[in-house]
Amino acid sequence: MIRLTDIERVFTVGDEQVHALRGVNLVIGPGEYLSIMGPSGSGKSSLLNVLGLLDRPNAGRYELEGRDVTGLSDDELARVRRERIGFVFQFFHLVPRLTAEGNIELPMVLAGIEPAERRRRLDRLLAEYGLESRARHRPDQLSGGQCQRVAIARAMSMNPSVILADEPTGNLDRSTGQEVIALLEALHAGGGTLVMVTHDAEIGGRAKRRIRIVDGRIVGDER
Amino acid sequence: MRFSDLIGFAWQVVRGSRSRTFLILLAMSIGVAAVVVVSSLGEGARRYVLNQFGSLGTNLIIVLPGRSETGGINPGVVVAKTPRSLTLDDALALTRSQAIRRVAPLIVGAGDLRWGSKSRETPVLGSTAEMLDIRHMETAQGHFLPAGDPHHAQPVCVIGAKLRRELFGARQPLGEWVRIGDRRFRVIGVLAAQGESLGFNTDEIIIVPVASAQALFNTEALFRVLVEAKTRQQVPQAKADVEEIVRTRHEGERDVTVITQDAVLATFDRILTALTLAVGGIAGISLGVAGILIMNVMLISVTQRRREIGLLKALGATGAQIRAVFFTEAVMLALGGAAVGLAIGELGQWMVGQVYPDIPFSPPWWALIAAPGTAVVTSVLFSVSPARRAARLDPVMALSRR
Ligand SMILES: Nc1ncnc2c1ncn2[C@@H]1O[C@H](COP(=O)(O)OP(=O)(O)O)[C@@H](O)[C@H]1O
Ligand SMILES: [Mg+2]
C-alpha cells in the first residue's frame, strides 16, 4: 500500500545541512498498525510529513496504493491528501472560530461534498465519538480530550485509507491519552491503516509493528 | 469547495474578527460615501444652475447692445453706454421674424420709490406686457402691464412680493399711487414670489411700461431685448434673424451681441460636469487608500492565520482554494463597505439637502456604479498579494510553528 524507497530529506539551516531522513526504506501493508518511536529530533515528524504528502523528499521514491506520487504537482498532492489521508496532530489544530461540527466538516467542505451528505456523515461521526452534546461548541469550550476527538472525527470524515497521527497524546494527560489511543485503535480494528508517532514507550509498544528511528535512519522494525 | 461554503467560511472570518472588519468597513465606506457626497454636490450645483437658466424662460435669446463675443448677463447694472444704442423700435422690429414668438424690451435702472412717508431705493424695470410670458413670471394680485402701444407711457406699475410686503404691509396695494422720482404710478399688480434667480430678485423690483422708464431715466437706449423663439429648433434661425434685422436697421453695423440660452446652458453643463467628475475622482483616491489598508490588514491576517492555512492545506485545500478564501473575504468586506458607504453617502447628501433645500442634490448615476465598483476592484487587486502569499505557505512550516 505504501512503499518508500531510499527516501532522503535534507534541511538547509544557514550553511549547515541537516539530514532529517537518510535512506529510508519502508513498506506498509493495508490495515497495518505502526508505531514510530525514537529520540527527539530523530526525524519522526519528517517521516510522517513525507508519508502524508505534506512534504516532498529530496530524493527517493514514494508509491501510494501502487501509484508513484513523488512527482505530483501541489494541487494533485492536495487532492490525494484530501481523499486518502487523515491527519491527527499533537496540538489538535482546530480552527478556533469554528464549532466542533464546523471543524469536523472542514475536509468535506474543501472536497465540495454536498450539505445533505455532509450532515449524514457528521451525525454519524458525532455519535461515534460521543460529541453530540458538544457539536456547537467552539474549541476553547472543549477539553483537550474532546478537541482530539474532534480532530480524529475530522480525520475520518473523508474515509481515508491511511491515518497519520503525530504524537496524538503528547498534549493530553495519561487517562485521556488512553481514551484517544483506544479510539485510534478502534479505527485500525475497523480496517484502517494507522501510523502513529509517539514518545511513549508503553503506547508505542501496543502497536503490531514498531519502527525505531534514530538520526534519520530506521534502526528497528519489530513485529 | 462550493460557492455557498466559500461565502460561509469567509463570513465566519469576517464575523470572527470584529475590530478588523470594522476598520476595513470604515475605510471603505468613507471612501464610497465621499465619492457619493462630493459628486452629488457637484451634480446638485449643475442641476441648480441649469434650472436657474431654464427658469429664465423657454427658447430664450438675449440681445445686448454693443459687440462683444463674451457678453455676460447681469441685469443689476445701470444702462451700459455703448457706441450705438438699441432702441425700442429695434426691439419691435424683431417681431417680423417668422422664428420669433415674442419680444420684450428691457430698461433697468434704480429709482427712489415712495409711498406716503415710506421710501425705498429699488431696481426699476421698464418693459412690456410680453415680459410676463417670456420670463415665466406670474402675478399674485391684479394684472401685469397692459398690452398696447409700447411707445405710450401709461402711469401704471407692477411690484414685487417683497416690495409689497415692506411698503404696504397688510394693506391692499392695488389702486394705490406710488412715486418714482417725480413721476406717479398706480399699482395695478403684484408679482408672485419667485425668489432669487441668477442674482436677479424679482421680489424686490418694480416694473413700469418701457416708455415710462425711458422718460424716467431720460434715455432711449434699451438695456436688453429678451426674445423668445417659437420652438427650440428655431432658436438658431431666430438668432440669425435678430442679427440681420438689427444690422439693416443700424446701417450694416453688426453692433449687438446675441446670446442664446442653449449656448450658455451647454457651456455651464460642460464645466460643471467636468468639475463633478474631477472632485468625484479626487474623492475616489480615498478608495485607493482603503485598498492599501485592506492589503495590510490581509497580510497581517495571513501571518496570524498561518496555522489555519497550514491545516487547510493538510486537509487537502489546493492553492486556488486558499486564494479563493482570501478573495471572497476581501470582496465581502468591500461589498459591505460599499453598502454602508452608499447609505452614509445618501444620508450625508440628504443632510446637505436639508441645509440647502433649493439645490437638487443627488448623486449622478455614474458615481453610484463607480464608487462601489472601485471599492470591489481595489480590494480584489490589493488582496492578490496576501492571497498568493497564503497559498504559497509551506504547510509543514505553518503547522509546526506554534
Ligand atoms: N523545517 C525545518 N527546517 C530545518 N530543520 C528541520 C526542519 N524540520 C525538521 N528539521 C530538523 O530535522 C530533524 C528531524 O526533525 P523532526 O522530524 O521534527 O524530529 P522529531 O519529530 O523526531 O522530533 C531535526 O534535527 C530538526 O531540527
Ligand atoms: Mg516531532
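This dialogue goes through the ligand site and the domain division of a predicted model.

User: Where does ligand 1 lie with respect to the chains, and which residues come nearest to it?

Analyst: In this predicted model, ligand 1 lies between chains A and B. There are 13 residues around ligand 1, and of these A:G41, A:G43, A:K44, A:S45 and A:S46 come nearest.

User: What polar contacts does ligand 1 make with A:G43, A:K44 and A:S45, and how should I read them?

Analyst: A polar contact is a pair of N or O atoms within 3.5 Å, and it helps to ask whether the protein atom belongs to the backbone or to a side chain. For A:G43, a backbone N or O atom lies 3.1 Å from an oxygen atom of the ligand, while for A:K44 the corresponding distance, again from a backbone N or O atom to a ligand oxygen, is 2.9 Å. With A:S45 the side chain takes part, an N or O atom there being 2.7 Å from an oxygen atom of ligand 1.

User: How much of ligand 1 does the protein cover?

Analyst: On its own, ligand 1 has 550 Å² of accessible area, of which the protein covers 66%. The space that ligand 1 takes is the largest pocket.

User: Which elements of chain A each supply at least two residues of the shell, and what is the character of the shell residues?

Analyst: The elements of chain A that each supply at least two shell residues are β1 (2-13), β2 (16-28) and α1 (44-51). The largest share, three residues, comes from α1(A). By character, the shell divides into six nonpolar residues, six polar ones and one charged.

User: How is chain B divided into domains, and how far apart do their centres lie?

Analyst: Chain B has domain 1, written as 3-52 + 269-399, and domain 2, which covers 84-254. The C-alpha centres of these two domains of chain B lie 56 Å apart.

How values were computed: Residues numbered from 1 in each chain as written. Chains lettered and ligands numbered in written order. Predicted model: local features only at pLDDT ≥ 70, side-chain atom pairs only at ≥ 80, totals over all residues. Heavy atoms only, no water. Near = heavy atom within 4 Å. Polar contact = N/O pair within 3.5 Å; in protein donor to acceptor, adjacent residues only side chain to side chain. Areas by Shrake-Rupley, 256 points an atom, 1.4 Å probe, with all protein chains shown as cover. 1 Å grid on protein atoms, 1.4 Å probe; cavity = no way out; pocket = protein on both sides within 12 Å on 5 of 7 lines; lining within 4 Å. Sits in = over half its atoms within 2 Å of the grid points. Helix = DSSP H or I, 4+ residues; strand = E, 2+ residues; numbered from the N terminus. Nonpolar A, V, L, I, M, F, W, Y, C, P; charged D, E, K, R; others polar. Domains from an automatic or database assignment.
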